[in-house]
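Thanks, everyone, for making the time this morning. I would like to walk through one model with you, so please have a look at the sequence and the structure before I begin.

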Amino acid sequence: MSKTPQDIFNFAEFTDPCIKCGKCIPVCTIYNVNADEVTSPRGFLDLLGAYQRGKLDLDKNAKDIFESCFLCTACTEICPKSLPTDMVIEQVRNDIAQKFGIAWYKKAFFLLLRHRWMNDLAFKLGWVFQTCGFKIKADINSMSSRFNFPMLKADRLLPSLTKTSFLNSYPENINNGGKRKVAIFIGCLANYNYKGVGDGLLEILEHLGIDAFLAKSQKCCSAPAYFTGDFDTVDNNAKFNIEYFESFAEDVEAIIVPEATCSAMLKIDYEHFFHDQPEWKARAKALKDKIFMATEWLQHHTHLEKLLEQKKKDTKIVTYHDPCHARKMQDIYEEPRNLISKNYNIIEMSDPNSCCGFGGVTMQSEKYHFAKAAGIPKAAMIKKTKADVVSAECSACRMQINASMNYADVDIEFKNPIELIAQALRR
Ligand code: SF4
Ligand code: SF4
């Protein structure tokens with residue numbers, strides 16, 4: 001008899017320990033925009049327990065419910081049993097993808113993510129033609145559609161494309177003295193859309209006298225596919241990246257990533273994903289200590305803080321948003337604030353740790369009404385600070401926060417902390 005998905009992944013291990021205390025409900029991003037017990041962490045776990053016992057069919061209704069989670073991990077942070085609701089939902093989304101298939105446009109997008117050359121070509125063509133279909137707002141690397149399509153309404157702000165990607169703008173090896181060396185994993189949004197992040201990181205490394213290896217063969221970390229249940233793409237990209245990282249890991253002190261979602265995927269989710277492939281799980285684990293978020297590594301392993309202290313203070317006020325994949329998954333929140341605060345005044349928003357509402361590819365397409373509903377309160381929170389700049393070390397947050405600020409009529413500039421630090425070093 002062939003194995004069922006429940007034989008392969010034991011959902012009960014994570015659903016049965018839930019004591020139904022409800023502590024997770026007030027912090028849940030989807031519950032806060034859709035106040036229904038079934039779309040709460042406790043509700044998701046209850047349904048997944050029933051699925052394990054064969055009492056729940058993965059029908060369209062169940063698909064709709066499980067696809068409404070933002071995977072923000074707010075519930076796992078507060079749960080007294082540390083239940084990884086997000087990880088269990090990622091798993092069931094694969095069962096959903098097997099049963100219902102994946103929409104053609106997501107398949108096409110994930111195919112691009114598997115091949116760097118296809119990505120380069122598609123984004124280049126996109127850059128050439130983007131002005132035909134979109135109005136460009138170059139100052140904030142954004143654009144909005146000229147037409148009103150169901151998933152692409154004219155009032156929706158999207159990241160615009162750059163002429164040449166970050167990885168294609170520089171040589172693979174950059175020598176800044178030859179004493180120390182790090183590799184850079186840039187992530188797709190910073191590579192094709194928010195190029196200033198990588199430019200800024202190279203400027204910082206130059207000031208510090210640290211050589212950079214751009215790791216040009218890197219593939220997308222595959223987080224978008226993982227959150228959508230396309231495990232074939234994850235398997236393909238994760239194995240490629242692990243082998244590729246192993247080939248140069250000995251030659252560099254660290255692999256630094258100026259992106260919360262990519263670094264959490266490489267450092268934490270690869271290990272979860274390979275739970276049933278022990279050899280690959282061990283290889284992912286062995287690389288873990290080499291991978292850092294950029295501000296984390298710069299704060300703890302360089303004299304950047306001292307260098308910034310010698311530079312002038314800017315009058316700009318910055319408010320910092322904590323990306324879910326940085327603070328909740330990697331405990332990174334002091335480092336970016338500490339480095340930014342050397343040259344800028346920081347003002348905290350009322351809840352910097354609340355999810356921006358990005359939520360992944362399905363949330364940004366079929367369920368965009370939820371993403372929009374979760375994003376607008378965040379924009380209002382940012383507006384209240386009266387800051388000049390909002391910052392977060394995550395380009396997915398940047399895309400979502402820029403769109404939310406546009407809806408809420410908030411005119412505040414967004415910068416990755418790396419861009420702010422590079423700016424401070426120029427003074
Ligand atoms: S991951 Fe976020 S949206 Fe999903 S159940 Fe947990 S708190 Fe709610
Ligand atoms: S906080 Fe944890 S144990 Fe309590 S209801 Fe939520 S998932 Fe269950």
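The shell around ligand 1 divides into 10 nonpolar residues, three polar ones and one charged one, and I should say straight away that this is a predicted model. In that model 14 residues surround ligand 1, and the closest are Cys28, Cys69, Phe70, Cys72 and Cys75. If you look at which helices contribute, you will find that helix H3 (29-33), helix H4 (41-52), helix H6 (74-78) and helix H7 (85-100) each supply at least two residues of the shell.

Let me step back to the protein as a whole, which has 23 helices and 12 strands. Its radius of gyration is 21 Å, close to the 22 Å that the globule rule gives for 427 residues, and the protein is therefore as compact as a globular protein of that length. Taken along the principal axes, the C-alpha atoms fill a box of roughly 65 × 50 × 45 Å. Buried residues make up 48% of the 427 residues, and, among contacts between residues at least 6 apart in sequence, 76% join residues at least 24 apart.

Now to a pair of helices, H8 (residues 104-114) and H13 (residues 231-248), whose axes come within 10 Å and cross at roughly 10 degrees. Because angles under 35 degrees count as roughly parallel, H8 is roughly parallel to H13. On the H8 side the contact is made by Phe110, Leu113 and Arg114, and on the H13 side by Thr233, Asn236 and Asn237; by class, that contact has two nonpolar, three polar and one charged residues.

What about helix H23, residues 417-425: how many of its nine residues are buried? Seven of the nine are, so H23 is largely enclosed by the rest of the structure. The buried residues in H23 are Pro417, Ile418, Glu419, Leu420, Ile421, Ala422 and Ala424.

I will finish with Asn61, which is found in helix H5 (residues 60-66), and ask you whether Asn61 counts as buried or exposed. Asn61 has 11 C-beta neighbours inside 10 Å, and because a residue with 12 or fewer is classed as exposed, Asn61 counts as exposed. Asn61 and Arg327 are 266 residues apart in sequence, and from C-alpha to C-alpha they are 32 Å apart in space.

How values were computed: Residues are numbered from 1 along each chain as its sequence is written. Chains are lettered from A and ligands numbered from 1 in the order in which they are written. This is a predicted model: local features need pLDDT of at least 70, side-chain atom pairs count only at pLDDT 80 or more; totals for chains, interfaces and linings use all residues. Helices (H or I, at least four residues) and strands (E, at least two) are DSSP runs, numbered from the N terminus. A residue is buried if 20 or more other C-beta atoms lie within 10 Å of its own, exposed if 12 or fewer, and partly exposed in between; C-beta atoms are placed from the backbone. Axes are lines fitted to C-alpha atoms, for helices over the stretch in contact, and angles run from 0 to 180 degrees between N-to-C directions. Angles under 35 degrees count as roughly parallel, over 145 as roughly antiparallel, 65 to 115 as roughly perpendicular and the rest as oblique. Two residues are in contact if their C-beta atoms, placed from the backbone, lie within 7 Å. Ala, Val, Leu, Ile, Met, Phe, Trp, Tyr, Cys and Pro count as nonpolar, Asp, Glu, Lys and Arg as charged, and the others, Gly among them, as polar. The radius of gyration is taken over C-alpha atoms; the globule rule is 2.2 Å times the number of residues to the power 0.38. A residue is near a molecule or strand if its C-beta atom, placed from the backbone, lies within 6 Å of it.
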